[in-house]
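Dear colleague,

I am handing over the structure we spoke about, together with notes on what turned up when I went through it. Please read the notes with the coordinates open beside you.

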Amino acid sequence: MATAHSQTLRISSLSSSSSLSLSSKLPLSSAFSVSFRSSRRASRPLVVFVSAGLDAKPTVLVAEKLGEAGLKLLKEFANVDCSYNLSPEELCTKISLCDALIVRSGTKVTREVFESSAGRLKVVGRAGVGIDNVDLAAATEHGCLVVNAPTANTVAAAEHGIALLAAMARNVAQADASVKAGKWQRNKYVGVSLVGKTLAVMGFGKVGSEVARRAKGLGMNVIAHDPYAPADRARAIGVELVGFDEAIATADFISLHMPLTPATNKMLNDETFAKMKKGVRIVNVARGGVIDEDALVRALDSGIVAQAALDVFTVEPPPKDSKLIMHEQVTATPHLGASTMEAQEGVAIEIAEAVVGALKGELASTAVNAPMVPSEVLTELQPYVDLAEKLGRLAVQLVAGGSGVKTVKVTYASARAPDDLDTRVLRAMITKGLIEPISSVFVNLVNADFTAKQRGIRITEERIILDGSPESPVEFVQVQIANVESRFASAISDSGEIKVEGRVKDGIPHLTKVGSFDVDVSLEGSIILCRQVDQPGMIGKVGSVLGQENVNVSFMSVGRIAPRKQAVMAIGVDEQPSKDTLKKIGEIPAVEEFVFLKL
């Protein structure tokens, strides 16, 4: 007989091994050795840190200019070497003498840098948010902690977004260049008003919400798209959360504030530009890669996009002959989002505190790698770690656009006693799957709880205690998301939540339940879910469509309520089907709904 007891995730205090506070500082040694276990299916490795002593005053290499307040903090604890504009070869030569390295966005911290450190480099501090220039996998493999400074430049970036918005609307840059060229073209540079216009904020995190506040003050109607933004926080600012297509179709101005991830790469492209209101104006102070720059030039030339104001580019600095930069309707600045005196000092202090804390053996929530779990626990849980992340990814993709994920319940069924099952790493990986695909945050055991709380996501855990042998740590894992709409209605359980459940079979994670339907499909590649009328030949019809389009099927399973009633087909595919292929599946008469889920 199974019994259950619930445990709510709490962030405010550090208690037993089954809960973890990330608002508190955690012990971390000042020198590390690493135990590494990888999986071909894991997107990033997990590591274990082991204590060692610090025998001498550490040396910190500051490779790019840092504010004086930050340098002062560093010098109180360490020897500080400020060496700017180092070539890659010079950096590799110098790094073997350093315990910590601080960079901004211009220095590439490659695998060669970590290899050249010969194990001495313990901390890399990125003075800013993005860590695109740091090889995280290499850092982890070499036992090096990576920390960033995610909060200090929020206001500066938001202010620059508003500055570009206003400058673009009133042709400030073009008019300035015209006057300095000796011209006086008042009729040519007639602008547009911001009052009463609709601004779509794409990405409602720290910077996006600050832009929204300021735009409201300018009299604009503000809408936002962000699948993780809490609706109550948006309402408090007077902002309506909407789906992606609605946001871009109704906006007069679009301001981009999403991170660059595989899901957001070239998010604005020929297809999405075609859905926009003719004459839309676009501001980007996020990441250059979220816009297909060639497509933007075409949209500007056709008049779909009236103007663009860009602070970031796919390649920085952009080529001198760039058609985008030279376009008359483009206002460009050289990545100035965080470039205020106040932001520079704030970032310097934030990153200095994080680096010094790490060198002292403390680990704060700005760490972007380094989950600390005993190696024997990781070895046993490795297949379940993979299962947990993929269940999180599946669950969040089932949420309809505009629905804010706020309440998540995770259930573990196990024959183990509660004290003999440490679920921290599983919870962290579910959080990773829920958040990481559209976030710049690298979620792991260290920052998972903090990241979830920051996004207003409340995660509760329930354990179902099973009778029988406790040889396997977990029998199944279930993820439920409450109070949201679903892109696939059949994923809604009888109690009203999106529900997915999975098990590990022969070391491979399997999806075993969607909503109230039992299925059995390997979580490798990607998945198509179809709800259909249960009748002969359906597997053949769907398989035939996929075969004609050269999409390889790896697994297929059908779960049904009763013969000849409704059924859900789960299909594992190795390749991503084209839109035409998916359309053909949807056109099969017995198929009532379907969804493609990418793992």
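Which side chain does K432 meet in a salt bridge? The partner is E436, with an N to O distance of 3.3 Å, and both K432 and E436 are buried. Please keep in mind throughout that this is a predicted model.

Salt bridges

The structure holds 24 salt bridges, and a few besides the one just named deserve a look. Salt bridges with shared partners tie D99, R120 and K122 into one network. The side chains of E461 and R427 also meet in a salt bridge, at 2.8 Å from N to O. This pair links distant parts of the chain, since E461 belongs to strand β19 (residues 458-465) and R427 to helix α15 (residues 424-435), with the two positions 34 residues apart in the numbering. E461 is buried, and R427 is buried as well.

The salt bridge of D176 with K180, whose closest N and O atoms are 3.3 Å apart, has another setting. Both residues lie in helix α6, and because they are 4 residues apart there, about one helical turn separates D176 from K180. D176 counts as partly exposed, at 37% relative accessibility, whereas K180, at 69%, counts as exposed.

The parallel sheet

An open sheet of 5 strands follows the order β6-β5-β7-β8-β9, and its pairing is parallel. The edges are formed by β6 (79-82) and β9 (145-148), each of which has a single partner strand, so that one side of each is left without a neighbour in the sheet. On average, and with direction ignored, neighbouring strands of this sheet are turned by 20 degrees against each other.

Within the sheet, strand β7 (residues 100-103) runs parallel to strand β8 (residues 123-126), and 4 bridges join the two. If you wish to check the register, V103 has R126 in β8 as its bridge partner.

Two helices can be described in relation to these strands. Helix α1 (residues 68-75) packs on the sheet and touches β5 (59-62), β6 and β7, its direction making about 140 degrees with that of β6. Helix α13 (residues 341-359) lies across β5, β7, β8 and β9, and runs at about 170 degrees to β8.

Backbone points to inspect

Where in the chain is the cis peptide bond that involves P317? The bond in question runs from E316 to P317, with omega near -5 degrees, and P317 is placed in the loop between β15 (305-310) and α12 (323-326).

Two asparagines have a positive phi although neither is a glycine: for N171 the angle is about 55 degrees, and for N483 it is about 60 degrees. N171 is found in the loop between α5 (154-169) and α6 (172-180), while N483 is found in the loop between β20 (476-482) and β21 (498-505).

Is each of these two residues buried or exposed? N171 counts as buried because its relative accessibility is 8%, which is under the 20% cut-off. N483, by contrast, is exposed, with a relative accessible area of 70%, which is over the 50% cut-off.

With best regards

Technical notes. Residues are numbered from 1 along each chain as its sequence is written. This is a predicted model: local features need pLDDT of at least 70, side-chain atom pairs count only at pLDDT 80 or more; totals for chains, interfaces and linings use all residues. Side-chain values use heavy atoms; hydrogens and water are left out. Buried means under 20% relative accessible area, exposed over 50%, partly exposed in between (1.4 Å probe, protein chains only). A salt bridge is a side-chain nitrogen of Lys or Arg within 4 Å of a carboxyl oxygen of Asp or Glu. Two strands pair if DSSP finds at least two bridges between them. Axes are lines fitted to C-alpha atoms, for helices over the stretch in contact, and angles run from 0 to 180 degrees between N-to-C directions. Contact means heavy atoms within 4.5 Å.
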